[in-house]
Amino acid sequence: MDAEMQGQVAIVTGGGSGIGRATCLELARRGVRVAVADLSAEAAGRVAGEVIALGAEALDCGVDVTAAEQVERTVRAVRERFGRIDILVNSAGIYQSGTIDQVSEADWDRVLAVNLKGTFLFCKAVIPCMLERGSGAIVNISSISGRTRSQLAAVSYVASKAGVIGLTMCLASQLAGKGVRVNCVAPGSVSTPMTDLWSAEEREFIRRSIPMGRLGCPAEVASAIVYLASPAASFITGETLNVNGGAFMV
Ligand code: NAP
């Protein structure tokens, strides 16, 4: 339990898997009530069960982050159930690798819609609730690929993740005087269902490029996300925090 966070309410998109799931569980350990939002209602329900098993309250929400009316319905449901929203973590995302000839217009639209528009839609829906109370913390998930030379990722993914950093800084400056902080985490390569899709050769190529000599695990990213969402980060806004085993340093 965390005396300062206990009783707060968080929405975690992409909460049914990987980094989002680990974030739901870390928030639950702090006593935060968690709305697990995911495209897969089944995965959201499973993680909500894990949150409850840790002694915290949970609500599972099946939602496509690219559909404004579904996002708004989800935010309404969370307010009706818990009465407030303190934290938003935008972890829903899809990956694409390859060269530009392998990226169709439909691929581009889908990757940008989930990773960037989904983040925009959830921020837009949640910010009025945070402004009503004069407090809140948003943590968006970018990527090492949005910050530096990408090794495998496609233009669609890189552009979406660079866009998330820009969106974060813009919102952070608009909301800095209103009690709402907006930050970003840029993970390097992390073992999740997303990177399980890599071939053994790709995984080894990536592993060798990481000074720590290994991929990260979801809990190592979740702890950075929860730090930025917590009162311990009360003077931090507009920041992008690398969590990458030394693979990229600024
Ligand atoms: P993951 O395990 O695949 O989790 C992503 C979650 O987002 C999945 O549950 C997925 O649901 C959900 N999702 C996809 N499209 C959605 C939509 N339209 N609406 C709602 N939910 C949707 O991947 P992860 O590795 O944890 O990734 C989490 C975030 O970290 C992503 O933004 C990713 O880009 C970023 N990231 C990951 C890494 C890495 O190495 N893993 C590195 C840098 C950044 P379904 O499974 O049902 O599609």
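In the predicted model, Ala 229 is placed in helix α7, which spans residues 218-229. The relative accessibility of Ala 229 is 6%, and this residue therefore counts as buried, the cut-off for that class being under 20% relative accessible area. Along the chain, Ala 229 and Gly 177 are 52 residues apart, and a distance of 17 Å separates their C-alpha atoms.

The ligand was examined next. The space that the ligand takes up is the largest pocket. Three elements each contribute two or more residues to the surrounding shell, namely α1 (18-29), α4 (105-133) and α5 (155-175). A total of 29 residues lie around the ligand, and those that come nearest are Ser 17, Ile 19, Asp 38, Tyr 157 and Thr 192. When the shell is divided by class, 13 of its residues are nonpolar, twelve are polar and four are charged.

Polar contacts to the ligand involve both backbone and side-chain atoms of the protein. On the backbone side, a polar atom of Val 63 is found 3.4 Å from a nitrogen atom of the ligand, and a polar backbone atom of Val 65 is found 3.0 Å from a ligand nitrogen atom. For Tyr 157, an N or O atom of the side chain lies 2.7 Å from an oxygen atom of the ligand. The ligand taken alone exposes 880 Å², of which 88% is buried by the protein. Tyr 157 thus appears in two respects, as one of the residues that come nearest to the ligand and as a side-chain partner of a ligand oxygen atom at 2.7 Å.

Terms used
Residues numbered from 1 in each chain as written. Predicted model: local features only at pLDDT ≥ 70, side-chain atom pairs only at ≥ 80, totals over all residues. Heavy atoms only, no water. Near = heavy atom within 4 Å. Polar contact = N/O pair within 3.5 Å; in protein donor to acceptor, adjacent residues only side chain to side chain. Areas by Shrake-Rupley, 256 points an atom, 1.4 Å probe, with all protein chains shown as cover. 1 Å grid on protein atoms, 1.4 Å probe; cavity = no way out; pocket = protein on both sides within 12 Å on 5 of 7 lines; lining within 4 Å. Sits in = over half its atoms within 2 Å of the grid points. Helix = DSSP H or I, 4+ residues; strand = E, 2+ residues; numbered from the N terminus. Nonpolar A, V, L, I, M, F, W, Y, C, P; charged D, E, K, R; others polar. Buried < 20%, exposed > 50% of the residue type's maximum accessible area, 1.4 Å probe, protein only.
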